Amino acid sequence: MAEIFLTGATGFVGRHLVPALIAGGHRLRCLVRSPEKAAPLRALGCAVVVGDLQNGAWGLEGTELIIHLAALHRGPGLSRTNVAGTAQLVRAAAAHKVQKMLYLSTVTAAPKPSWPYAYSAWLAEQIIQASLWRFTILRCSVIVGPGDPFLGGIVRMAQRWPVVPIIGFGDTRFQPISVHDVVRCVLKAISDDRYDNRTLTLGGPEILSYREIVHTVCETLGIRKRLLPLPRRATRFCVQWLERLGVRTPFVPGHFLSKDLLASGPTVIEDEFGFRPQTLREVLHALL
């Protein structure tokens with residue numbers, strides 16, 4: 001069992017990972033940004049540090065492993081958090097002789113500044129690979145499950161809207177992976193040194209276009225809805241403008257990507273981690 005420092009504990013993946021780590025006997029110190037988010041973690045038995053990735057005063061003494069989940073997907077602080085914050089964390093890890101870091105990245109990570117989130121994830125990967133002697137990077141396709149913004153947003157639109165918008169032609173392909181399967185991969189990756197110093201791409205057992213995902217959601221809900229194609233650039237602009245005004249929309253960055261979000265192949269989880277991941281329908285039945 002390990003002494004673990006965890007960032008992103010209150011995020012989508014973190015909320016599912018924390019109970020699994022505790023059940024595995026690990027001792028957790030979690031970084032949270034506000035005191036209000038600390039109480040539920042303390043109730044689970046976690047030590048909590050209130051701060052952000054910039055302050056550096058995290059109390060890493062005795063830490064054996066860092067699991068780095070914290071990231072922004074959009075907004076003006078994206079580079080400050082994802083790149084500069086990761087660099088600060090890596091420096092602290094080296095100074096305190098932390099044995100290993102696991103970083104949750106994205107399959108879109110690429111040296112392409114025109115995709116800010118993907119570029120920031122790629123830069124964070126480079127920092128980790130260049131600075132730490134033991135690391136594991138898990139690049140995920142879109143992660144789905146209870147509380148996720150991507151699949152949950154599609155479900156809400158299908159349930160509440162008279163039509164379901166399709167960004168572009170809806171032909172961008174995804175390989176949706178259950179958050180529970182991501183948690184299983186993380187648990188294996190931190191307990192087996194065969195995953196050390198590797199970058200692995202994670203995806204579910206199906207490759208589906210955005211249009212096919214929407215059809216699957218509607219079929220599972222037992223409803224029929226007309227699909228409304230929307231121009232990609234114009235819709236992105238409108239969503240960004242609304243969010244600057246504080247109006248939240250069901251759209252997330254993954255809706256606008258023209259690049260496929262694919263892992264190494266549909267059998268990657270079975271090949272690398274030895275179990276069968278959930279299909280989208282299985283995730284949806286559990287979700288609904």
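The legends below describe close-up views of a predicted model.

**View 1. The open sheet and its strand order.** In this predicted model, seven strands form an open sheet in the order S3-S2-S1-S4-S5-S6-S11, and their pairing is parallel. The edges are formed by S3 and by strand S11 (198–202), each of which pairs on one side only. From one strand to the next, the twist averages 20°.

**View 2. Strands S2 and S3 and the crossover between them.** Strand S2, made of residues 27–32, pairs in the parallel sense with strand S3, made of residues 47–50, and the pairing extends over four bridges. Between these two strands the chain passes through helix H2 (residues 38–43), giving a β-α-β crossover that is right-handed. Within the pair, Arg-29 stands opposite Ala-47, a residue of S3.

**View 3. Helix H1 and the residue that follows.** Helix H1 covers residues 12–23, and its buried residues are Phe-12, Val-13, Gly-14, His-16, Leu-17, Val-18 and Leu-21. After H1 comes Gly-25, which has a positive phi near 85°.

**View 4. The crossing of helices H1 and H6.** The axis of H1 and that of helix H6 (residues 179–191) come within 10 Å and cross at roughly 55°, and the two helices are therefore oblique to each other. The crossing of H1 and H6 is right-handed. On the H1 side, the residues that meet H6 are Phe-12, Val-13, His-16, Leu-17, Ala-20 and Leu-21, while their partners on the H6 side are Val-179, His-180, Val-182, Val-183, Val-186, Leu-187 and Ile-190. Several residues on the H1 side of this contact, including Phe-12, Val-13, His-16, Leu-17 and Leu-21, also belong to the buried residues of H1.

**View 5. Helix H3 against the sheet and beside helix H4.** Helix H3 (residues 78–95) lies across three strands, namely S1 (3–7), S4 (65–68) and S5 (100–106), and runs at about 175° to S4. With H4, by contrast, the axes of H3 and its partner come within 9 Å and cross at roughly 10°, so H3 and H4 are roughly parallel to each other. From H3, the residues Leu-78, Asn-82, Val-83, Thr-86, Ala-87 and Val-90 meet Pro-116, Tyr-117, Ser-120, Leu-123, Ala-124, Ile-127, Ile-128 and Ser-131 of H4.

**View 6. Ser-120 and the residues around it.** Ser-120 lies in helix H4, which covers residues 116–131. Its relative accessible area is 2%, and Ser-120 is therefore buried, the cut-off for this term being under 20%. When residues up to four places away in sequence are not counted, Ser-120 touches Leu-78, Asn-82 and Val-83, and these three names also appear among the H3 residues that meet H4.

**View 7. Two loop residues with positive phi.** Lys-97 is located in the loop between H3 and S5, and its phi is positive, about 55°, although Lys-97 is not a glycine. Because its relative accessibility is 70%, Lys-97 counts as exposed. Asn-197 is located in the loop between H6 and S11, and Asn-197, which is not a glycine, has a positive phi of about 55°. Asn-197 has a relative accessibility of 40% and therefore counts as partly exposed.

How values were computed
Residues numbered from 1 in each chain as written. Predicted model: local features only at pLDDT ≥ 70, side-chain atom pairs only at ≥ 80, totals over all residues. Heavy atoms only, no water. Pairing = 2+ DSSP bridges. Right-handed = clockwise from strand over helix to strand, strands pointing away. Buried < 20%, exposed > 50% of the residue type's maximum accessible area, 1.4 Å probe, protein only. Axes fitted to C-alpha atoms, helices over the stretch in contact; angles between N-to-C directions. Parallel < 35°, antiparallel > 145°, perpendicular 65-115°, else oblique. Left-handed = near helix turned anticlockwise from the far one by under 90°. Contact = heavy atoms within 4.5 Å.
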